[in-house]
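The questions below follow one protein model, and each answer is reasoned out step by step. Please look at the sequence and the structure before reading on.

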Amino acid sequence: MSTPRFYVTTAIAYPNGRPHMGHAYEAIATDVIARFKRLDGFDVRFLTGTDEHGLKIDQAARAAGKAPKAYVDEMVAPFQALDDALGISYSRFIRTTDADHKALVQALWQRMAANGDLYLGRYEGWYSVRDEAYYDEAELVTGEDGAKLSPQGTPVEWTVEESWFFRLSRYQQPLLDLYDSQPGFIQPTSRFNEMRAFVAGGLSDLSVSRTSFSWGIKVPGDERHVMYVWLDALANYLTGAGGLDGEWWPADLHVVGKDVVRFHTVYWPAFLMSAGVALPKAVFGHGFLLNRGEKMSKSLGNVVDPAEMATRFGVDRLRWFLCREVAFGDDGSYSDEAIVERTNADLANGIGNLAQRSLSMVAKNLNGMMPQRGEPGETEVRLKEAFLAGTDAYFAAMNGLALHKALDALMGMVTAANGYFAENAPWALAKTDTARMAEVLAATLDATRRIVLLAQPFIPDSTNRLLDQLGVAADARDFSALNSPVEAGLELPSPAGVFPRITIEA
RNA sequence: GGCAGCGUAGCUCAGUUGGUGAGAGCGCCGGAUUCAUAACCCGGAGGUCGGCAGUUCAAAUCUGCCCGCUGCUACCA
């Protein structure tokens with residue numbers, strides 16, 4: 001039997017500025033999914049990276065007095081560094097300036113052209129020379145003298161530019177059929193409904209090339225044009241899969257921000273249908289993170305650097321908070337206080353304390369030797385039942401991408417384990433019945449082991465250290481080992497707290 | 001403007017097809033305890049379930065209207 005595969009991606013980031021919390025959030029959430037799948041026995045490919053072409057980069061590079069490629073080389077570094085700092089277990093960090101990607105996009109274009117879906121036309125719109133950008137009528141503002149101005153207040157003029165078009169209109173019905181036959185294609189449901197309504201409302205053909213700038217991938221056979229950045233960008237998922245007929249395609253899941261759901265669930269499948277390439281199985285649109293309930297913006301001065309946050313709180317605390325406190329798919333809010341409160345409650349008081357209180361008793365009373373479990377009594381049976389239910393809930397939530405619910409289930413198991421411990425009071429048994437004490441400690445340690453195993457996707461570094469302390473062998477840490485307790489008699493290292501409580505400096 | 005969704009304890013939220021006295025976690029208060037990271041365990045604290053009206057023997061859960069918020073979409077030109 002071959003190992004099942006799972007190919008998951010984040011959207012690729014546009015590096016015209018510093019990475020922000022949104023990038024960190026998407027990378028972390030997707031990493032959690034990737035790690036979960038690996039632990040669950042899948043062969044996982046995890047793609048993330050940067051989207052480096054387009055007008056904005058071109059302009060920014062010019063403003064910086066640099067060649068576009070030199071400019072993006074500089075700008076991309078912090079994105080990859082952030083991923084590395086956050087423990088993102090990507091298989092490849094793809095850049096749309098990579099050679100194999102350029103070749104793939106051109107091949108994709110040719111397939112779409114061969115299918116008769118690309119034609120030369122004219123793109124008309126309000127164009128600002130100063131911004132080098134087209135604006136929709138609705139975006140324009142009216143100046144004092146009644147003249148039309150761009151949102152930046154620059155003059156615009158009605159401009160006609162030659163452009164290649166994609167026959168998106170041809171794919172309205174196929175897309176509706178896709179949605180109806182595969183409701184899970186767009187998640188969560190609210191996004192599904194929005195996109196279905198959008199497509200049902202009619203689709204116009206899409207301009208997919210530009211002649212007004214050159215920083216992009218050339219249109220095959222018509223080098224005056226560069227391709228529309230979204231066609232270029234979306235195709236990264238194919239490049240990362242190994243090509244048009246790549247071994248990893250189709251993707252099992254694209255994790256993207258809610259603002260780009262349309263590109264991924266309308267344009268992307270239409271492009272693929274046109275090229276005769278299989279479609280991804282699902283697109284999940286996550287929400288945005290708000291700083292104390294407010295949108296992050298430079299003018300509000302509330303933009304935070306995720307790398308700085310990770311340094312200040314610890315990577316695992318940040319990962320835990322984002323997955324636990326924010327319902328995956330909804331917008332979420334964060335603040336220093338909320339992070340401290342949440343992680344102290346769950347990690348320090350919860351998982352960390354559970355491990356520490358049981359391990360320290362083993363160290364002090366049993367010479368650090370893993371005790372033997374006894375015949376299960378009533379409290380052991382209750383503990384086991386709670387863990388079976390909790391584990392089921394955890395897996396159901398994870399497989400449904402309800403990351404926050406999975407952690408809720410996990411914390412329920414922590415509560416059950418702490419309850420079991422308090423109920424049996426091994427510290428009292430130490431004076432009256434050391435054999436029973438050893439059994440209680442053994443049961444608690446195994447409960448802790450299960451909790452920590454399941455917590456691995458979320459807090460990989462901390463759980464590794466905890467599993468070391470719990471005597472769990474390196475090859476007994478995936479989910480197939482859930483029911484394999486540590487052998488009695490094993491000598492455990494002396495315990496050390498993994499999640500010290502933290503306080504906010506006033 | 002149209003479509004969709006939301007508004008439940010201080011905070012974040014659960015609440016199947018209407019029916020045990022409205023829930024969980026965190027925070028807070030009290031108790032107990034001392035193995036542990038002033039942690040854990042137990043108990044409590046009472047929120048007009050956005051507002052008004054209606055349907056019903058019975059509504060947080062159905063209907064209408066209103067207020068507030070969000071998303072998608074359209075338009076005013």
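Q: How many residues of domain 1 are in contact with how many residues of domain 2?
A: This is a predicted model, and the domain assignment of chain A gives domain 1 as residues 5-117 + 167-287 and domain 2 as residues 337-481. The centres of domain 1 and domain 2, taken over C-alpha atoms, are separated by 40 Å. Where the two domains touch, the residues in contact number eleven in domain 1 and 14 in domain 2.

Q: Which helix gives the most residues to the side of domain 1 that touches domain 2?
A: Between domain 1 and domain 2 about 1100 Å² is buried, and 77% of this lies on carbon and sulfur atoms. In domain 1, the residues that lose the most area to domain 2 are V32, F36 and L39, which together make up 58% of what that side buries. With seven residues, the helix that gives the most to this side of domain 1 is α1 (residues 21-39).

Q: How many salt bridges are counted between domain 1 and domain 2?
A: One residue pair is in polar contact between domain 1 and domain 2. On the side of domain 1 that touches domain 2, the residues divide into seven nonpolar, one polar and three charged. Although charged residues are found on that side, the number of salt bridges between domain 1 and domain 2 is zero.

Q: How many of the eleven residues of helix α11 are buried?
A: Over chain A, 55% of the 506 residues count as buried. In helix α11 (residues 315-325), which is mostly covered, the buried residues include W320, F321 and the charged residues D316 and R317. Of the eleven residues of helix α11, the number buried is nine.

Q: Is L401 buried or exposed?
A: Most residues other than glycine have a negative phi. L401, in the loop between α13 and α14 (403-424), has a positive phi of about 65 degrees although it is not a glycine. Because a residue under 20% relative accessible area counts as buried, and L401 has a relative accessible area of 10%, L401 is buried.

Q: Is N367 buried or exposed?
A: N367 lies in the loop between α12 (336-365) and α13 (378-399), and its phi is positive, near 55 degrees. Because exposed means over 50% relative accessible area, and N367 has 67%, N367 is exposed.

Note on methods:
Residues numbered from 1 in each chain as written. Chains lettered and ligands numbered in written order. Predicted model: local features only at pLDDT ≥ 70, side-chain atom pairs only at ≥ 80, totals over all residues. Heavy atoms only, no water. Domains from an automatic or database assignment. Contact = heavy atoms within 4.5 Å. Buried area = accessible area lost by both parts, 1.4 Å probe. Salt bridge = Lys/Arg side-chain N within 4 Å of Asp/Glu carboxyl O. Polar contact = N/O pair within 3.5 Å; in protein donor to acceptor, adjacent residues only side chain to side chain. Helix = DSSP H or I, 4+ residues; strand = E, 2+ residues; numbered from the N terminus. Buried < 20%, exposed > 50% of the residue type's maximum accessible area, 1.4 Å probe, protein only.
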